[in-house]
Amino acid sequence: MSVASSSVLQTNENAKNMPRNGFFYRTAELGANREGHQELPFVETIVGRRGGLRGILALVEAVAPTNMTVLIAGETGTGKEVIARAVHEFSPRRERSLVKVNCAAIPTGLLESELFGHERGAFTGAVSSYVGRFALADRGTLFLDEIGDMPLELQPKLLRVLQEREFEAVGSTRTRRVDVRVVAATNQDLQQMARDREFREDLYYRLNVFPVYLPALRERKADIPELVEYFVRQFAASVDKSIESIPLETMRSLVRHHWPGNIRELQNYIARAVILSNDGVLEALPLESYQPPEREIPNPTLEDKVRREILAACRRANWKLGGPRGAAARLGLKRTTLFYKMKRLGIEPPTDHSQD
């Protein structure tokens with residue numbers, strides 16, 4: 001290997017537990033798993049646990065044995081689901097189910113049934129009874145992802161099950177008791193949403209019993225080399241390629257990059273790079289440009305304030321303009337009115353977001 005390269009795939013003899021730049025790379029262990037040997041404990045698979053995530057995992061280990069509700073906050077793509085699973089794996093409930101629900105991915109009208117179940121005939125199309133996620137997670141853990149997108153009208157029922165440990169399925173008069181540990185996650189500012197009456201304040205405080213903040217990747221740059229090498233090994237194995245080195249300049253540029261999409265963006269970048277790589281060297285692909293946040297204007301005009309308010313609403317709505325959780329609804333405007341104002345103020349969504 002040349003001195004201009006950073007080793008990725010060491011031989012099985014010298015890779016195991018080999019310290020390098022403060023990290024331990026697990027090439028040998030990953031290879032053993034692919035061969036059908038005993039799997040590693042979940043915590044051993046968390047990349048960065050000896051770096052930027054060390055303090056977070058210490059918090060997780062402290063709270064996991066309790067029944068406290070945990071609220072994980074952080075930008076999209078920072079690995080909130082991994083931390084939620086760590087809470088479950090460290091807890092006495094690890095032998096039971098970890099049930100996951102993405103509150104943003106389920107239509108508003110179906111989310112209540114998805115969480116609490118329904119009886120046959122409870123609504124049009126309910127041809128049979130359905131067991132909800134709370135019942136499935138009994139004596140286990142329920143992970144509520146994107147909790148900030150839960151409809152306001154459903155939040156009192158969630159608050160009740162958190163406080164009383166009981167609920168009724170849709171269309172049922174029978175109260176069911178459950179023993180469920182709830183871990184919630186959000187990329188939104190729930191406290192600000194509560195102030196704006198977009199999220200119930202009592203539910204926010206009930207969820208925020210033990211908050212865990214997951215930093216953005218740009219705040220834990222020391223973890224990037226280990227993440228890069230881990231993803232290279234992972235994707236190279238999946239496409240049956242041998243990637244033996246990463247040019248130092250490529251690694252430096254990856255560490256310097258802002259990564260607005262966080263770990264998910266890095267993961268996708270490495271997947272593309274591995275596919276296009278030849279001769280055992282990771283291909284350096286162009287990195288997307290990053291636009292830094294706008295600077296504060298000393299004496300903003302009314303137009304500046306309107307523009308800032310619209311931008312804030314669009315970002316919080318993930319650039320979705322219409323719908324009950326869209327930017328227009330947040331601003332109390334019609335979608336067509338918001339679109340007109342955005343056009344007049346020169347506000348355009350990022351290229352990877354549609355104006356639906």
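**Chatting through a predicted model**

Mentor: Let's start with the sheet, and keep in mind that this model is predicted. Strand β4, residues 70-73, and β10 pair in the parallel sense over 4 bridges.

Trainee: Okay, and which residue in β10 is the bridge partner of Ile72?

Mentor: That's Val212.

Trainee: What's the strand order in the open sheet?

Mentor: The order is β5-β6-β9-β4-β10, so to speak from one end to the other, with 5 strands and parallel pairing.

Trainee: Which are the edge strands?

Mentor: β5 (98-102) and β10 (210-213), as each of them pairs on one side only. Neighbouring strands in this sheet are turned by 20° against each other on average, ignoring direction.

Trainee: Switching to helices. Which residues of α15 are buried?

Mentor: Leu338, Met342 and Leu345 are buried in α15, which covers residues 335-345. Down the axis of α15, the buried residues fall within an arc of 70°, so they line one face of the helix.

Trainee: Why would residues a few places apart point the same way?

Mentor: An α-helix has 3.6 residues a turn, so residues three or four places apart point the same way.

Trainee: And what's exposed on the other side of α15?

Mentor: Thr336, Tyr340 and Lys343 are exposed there.

Trainee: New topic: which residues make the nonpolar surface patch?

Mentor: Val239, Ile275 and Leu276 make that patch, and its area is about 270 Å².

Trainee: Where is Ile275?

Mentor: Ile275 is in helix α12, residues 262-276.

Trainee: Why does Ile275 count as exposed?

Mentor: Because its relative accessibility is 54%, and the cut-off for exposed is over 50%.

Notes
Residues numbered from 1 in each chain as written. Predicted model: local features only at pLDDT ≥ 70, side-chain atom pairs only at ≥ 80, totals over all residues. Heavy atoms only, no water. Patch = residues over 30% accessible without salt bridge, like charges linked within 9 Å, V, L, I, M, F, W, Y side chains within 5 Å. Areas by Shrake-Rupley, 256 points an atom, 1.4 Å probe, with all protein chains shown as cover. Salt bridge = Lys/Arg side-chain N within 4 Å of Asp/Glu carboxyl O. Helix = DSSP H or I, 4+ residues; strand = E, 2+ residues; numbered from the N terminus. Buried < 20%, exposed > 50% of the residue type's maximum accessible area, 1.4 Å probe, protein only. Pairing = 2+ DSSP bridges. Axes fitted to C-alpha atoms, helices over the stretch in contact; angles between N-to-C directions. Arc of directions from axis to C-beta.
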